[in-house]
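User: I have just opened this one and would like a guided tour. Please start with whatever vocabulary I need.

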Amino acid sequence: MKKMIKSILIIGLGAALFSSCMLGRPAKEDAPVRSITVSGSGSVSVKPDMVSMKFIVRTTGWNCPQVAERNAINTANTIAAIKEAGIPESDISTFDYSITQDNSHNYAGEYTVRNTIAVVIRNIDLTGKVIDAAVKNNTGANGITSFEYLVSDKATALREARTLAIKNAQDAASLLAGASGCKVNGVLEIREDYTSAGRGNEMMFKAVSMDSDSGVPTPIVEGNITITSNVTVKYELAN
């Protein structure tokens, strides 16, 4: 009986020592993931089919109520002219309105009322006609503060640009990995930003600076819009 108890104690002590060794041994660390990070870019050139513009109606004077009333009349005339040029009311909105007084001198200066009208032109062929109606014909607007070409189906062009950008990144990763004796195993992370670039302000100033008495319609040459997708992709590498 004593021998049996002694054996049990020895076995129990051995098990405890083995367990203690197992607990004290540090866990095996995972091997670090080898990776490569590359950039890719893809661009698509498309023809714009819309224009976004902002006309400003600016009025100045010493009597604030009179200046505000005159500005309201000029603004109403401008909106009516834009509608007559073929733009529906749903595409015309007030973007900004302000009344300020010139305090740059030692005395109270003139008041300035500004009413900014935002217009979306969905038929790009009407752009010159709208500019003439609002600005050249002395209707009431006396400036254009924004001119931008737009694409109604931007999603399709952006999808194509993204596809080209990812392919560009994949080609770069495969080339670099192959040259270093590795191969691309999978994607770990993707970051993206995109831009849309087209001409705008240059044509805006040309349109406003034309002689209102020339009788020549304001020319608009839309050119193309370039939509670019830029991606940064992190790939896992394998032997």
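Analyst: Helices (H or I, at least four residues) and strands (E, at least two) are DSSP runs, and they are numbered from the N terminus. The model is predicted: local features need pLDDT of at least 70, side-chain atom pairs count only at pLDDT 80 or more, and totals for chains, interfaces and linings use all residues. Residues are numbered from 1 along each chain as its sequence is written, and side-chain values use heavy atoms, leaving out hydrogens and water.

User: OK, how many helices and strands does the protein chain have?

Analyst: There are five helices and seven strands in the protein chain, and read from the N terminus they come in the order α-β-β-α-β-β-α-β-α-β-α-β.

User: And how much of it is buried?

Analyst: Of the 239 residues in the protein chain, 34% are buried, where buried means under 20% relative accessible area, exposed means over 50%, and partly exposed lies in between (1.4 Å probe, protein chains only). The chain exposes about 14,900 Å², with carbon and sulfur atoms supplying 54% of that area; accessible areas come from the Shrake-Rupley method with a 1.4 Å probe, and for residues only the protein chains shown count as cover.

User: Which residues of the largest nonpolar core touch the most other members?

Analyst: That core has 32 residues, and the ones touching the most other members are Met 53, Phe 55, Ile 82, Ile 87, Ile 121 and Val 130. A nonpolar core here is a set of buried Ala, Val, Leu, Ile, Met, Phe, Trp, Tyr and Cys residues joined through side-chain atoms within 4.5 Å. Several elements give two or more residues to this core, among them β1 (35–46), β2 (50–61), α2 (64–84) and β4 (111–121), but α3 gives the most, with five residues. There is also a second, separate core of eleven residues, which includes Val 38, Ala 173, Tyr 235 and Leu 237.

User: Why is helix α3 largely enclosed by the rest of the structure?

Analyst: Helix α3 spans residues 127–136, and nine of its ten residues are buried, so the helix is largely enclosed by the rest of the structure. Those buried residues include Val 130, Ile 131, Asp 132 and Ala 134. After α3 comes Asn 138, which has a positive phi, near 55°.

User: What does Val 130 touch?

Analyst: Not counting residues up to four places away in sequence, Val 130 touches Phe 55, Ile 82, Ala 85, Ile 87 and Ile 121, with contact meaning heavy atoms within 4.5 Å. Ile 82 belongs to helix α2 and counts as buried at 0% relative accessibility. With the same sequence neighbours left out, Ile 82 touches Phe 55, Ile 87, Ile 92, Val 119, Val 130 and Ala 134.

User: You listed Asp 132 too, so which side chain joins it in a polar contact?

Analyst: The side chains of Asp 132 and Thr 218 are joined by a polar contact of 2.5 Å. A polar contact is a pair of N or O atoms within 3.5 Å; within protein, one must be able to donate a hydrogen and the other to accept it, and residues adjacent in sequence count only if both atoms are side-chain atoms. Thr 218 is placed in the loop between α5 (201–208) and β7, and at 5% relative accessibility Thr 218 counts as buried.

User: Is Asn 224, in that loop as well, buried or partly exposed?

Analyst: Asn 224 is partly exposed, with a relative accessible area of 42%. Asn 224 and Ser 45 are 179 residues apart in sequence, and their C-alpha atoms are 6.2 Å apart in space.

User: Moving on to β7, what does Ser 229 do there?

Analyst: Ser 229 lies in strand β7 and is buried, with a relative accessible area of 0%. Its side chain makes a polar contact of 2.9 Å with that of Glu 192.

User: Last topic: how many aromatic pairs turn up?

Analyst: A search of the whole structure finds one, the edge-to-face pair of Phe 147 and Tyr 149, at 5.2 Å centre to centre with 85° between the planes. Rings of Phe, Tyr and Trp (its six-membered ring) pair if their centres lie within 6.5 Å; planes under 30 degrees apart count as stacked, over 60 as edge-to-face and the rest as tilted. Phe 147 and Tyr 149 are both buried.
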